[in-house]
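Hi everyone, thanks for making room for me today. Please have a look at the sequence and the model on the screen, and then we'll walk through them together.

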Amino acid sequence: MADEKLQKIRIWDLPVRLFHWSLVVLMVVSYFTGRWGGEWMKFHFWSGYAILTLLLFRIAWGFVGSTTARFSNFVKGPAAAFGHLREMFGKGPHDAGHNPVGGAMVVVLILAVLAQVAAGMFSADTDLGTVNGPLANLIADKTVDKMTAFHKYWFNVLLVLVALHVLAAFVYLAWKRQNLIGAMVTGSKRADQVVAPGQPLPVLKFASGRLAISLLIVCAAVVYFIVRLGG
Ligand code: HEM
């Protein structure tokens, strides 16, 4: 039993982990380069393009990637979410990948960051005309102003969502003694946190690294063409 408890199960593939921690770093880079402005805006733009590439990759990986990366694995209805909350007050929870509540948050986070990047592409300083998002010249100045205002405001919404997200991870650590952050780093979880005692371990399939790299290249190319649309 002791061995079974200590047994580590591989949950997250490398692409999901690299996606996550690169996204965290790029969010920080985007925030500070955006605040500093001026010459730093060049890096702000590149950081935004990198985030967009990552998001497109993660969405595609959610359909063709490893078991725990797939949306079908963690996007569940409200019944599953309530079931999970009940488990929190019992001996659980036991999850191989994202739990149904965390899974919903993952989708919200991905869409919220996507909205931020999309608005950034159409944002610009219409008075100075010096720092134009790559697609800003495709739309009217009034709409550009709205996009810019949204881009600035939405970051605060993102901050709240990320704060909730990180808080949830620490609640798991303090209350349920489950180190989800460590699992996102190493890719593995303890077997007793993945399944209830006596239950069979889940069969998880891991997609190939070659597929991940090919997909990333395609996503980068798509972003390149989107950026070029603005001329
Ligand atoms: C230092 C800050 C952060 C920590 C400690 C953290 C921690 C975690 C953990 C533990 C998970 C896995 C949850 C689970 O086991 O179900 C996760 C997933 C995720 N986090 Fe974070 N996170 C951080 C920052 C962020 C930021 C800034 C974003 C984006 C704005 C973000 C977006 C996501 C997404 C999209 C996933 C799902 C990963 C996937 O399935 O590909 N996180 N995070």
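Let's begin with His20. This residue is buried, because its relative accessible area is 18%, and the cut-off for buried is under 20%. Keep in mind, please, that what you see is a predicted model.

So what is His20 doing in this picture? Its NE2 atom is one of the protein donors of the iron atom of the ligand. The other protein donor is NE2 of His165, and the two lie 1.9 to 2.0 Å from the iron. His165 is partly exposed, with a relative accessible area of 30%.

Now, what geometry does the iron site have? It is octahedral, with 6 donor atoms and angles among them of 84 to 179°. For those of you meeting this for the first time, the ideal angles for six octahedral donors are 90 or 180 degrees.

Which helices do the two histidines come from? His20 sits in helix H2, residues 14-36, and His165 sits in helix H7, residues 141-175, so the pair ties together parts that are 145 residues apart in sequence.

Let's zoom out to the whole chain. The protein has 231 residues, and 39% of them count as buried. Its secondary structure comes to 10 helices and 2 strands. If you read along the sequence, you meet them in the pattern α-β-α-α-α-α-α-α-α-β-α-α. The C-alpha trace spans about 65 × 35 × 30 Å along its principal axes.

How much of the contact pattern comes from residues far along the chain? Among contacts with a separation of 6 or more, 72% are between residues 24 or more positions apart. On the outside, the accessible surface is about 13,400 Å², and carbon and sulfur atoms account for 70% of that. As for charges, there are 21 positive and 11 negative ones, and their mean positions are 7 Å apart.

Next, two helix residues. Ala115 is found in helix H6, which covers residues 100-121. This alanine is partly exposed, at 26% relative accessible area. Which residues does Ala115 touch, once we set aside its neighbours within four places in sequence? The answer is Phe150 and Trp154. Leu158 is 43 residues from Ala115 along the chain, and their C-alpha atoms are separated by 10.0 Å.

The second one is Val227, in helix H10, residues 209-229. Is Val227 buried or exposed? Buried, with a relative accessible area of 19%. Leaving aside neighbours within four places in sequence, Val227 is in contact with Tyr49, Met121, Pro134 and Leu135. Between Val227 and Gln116 the C-alpha distance is 15 Å, and the two are 111 residues apart in sequence.

I'll finish with two details of the backbone. One is a cis peptide bond between Gly92 and Pro93, where omega is about 0°. You can find Pro93 in the loop between helix H5, residues 78-88, and H6.

The other is Arg177, which has a positive phi of about 55° although it is not a glycine. Arg177 lies in the loop between H7 and helix H8, residues 180-186, and counts as exposed at 64% relative accessibility.

If you take one picture home, let it be the iron atom of the ligand, with His20 and His165 as its protein donors. Thanks for listening!

Notes:
Residues numbered from 1 in each chain as written. Predicted model: local features only at pLDDT ≥ 70, side-chain atom pairs only at ≥ 80, totals over all residues. Heavy atoms only, no water. Donors = N, O, S within 2.8 Å, 3.2 Å for Na, K, Ca; no water. Tetrahedral: all angles 85-135°; square planar, octahedral: opposite > 155°, others 65-115°. Helix = DSSP H or I, 4+ residues; strand = E, 2+ residues; numbered from the N terminus. Buried < 20%, exposed > 50% of the residue type's maximum accessible area, 1.4 Å probe, protein only. Contact = heavy atoms within 4.5 Å. Areas by Shrake-Rupley, 256 points an atom, 1.4 Å probe, with all protein chains shown as cover. Lys, Arg positive; Asp, Glu negative; His and termini not counted. Charge placed at Lys NZ, Arg CZ, Asp CG, Glu CD.
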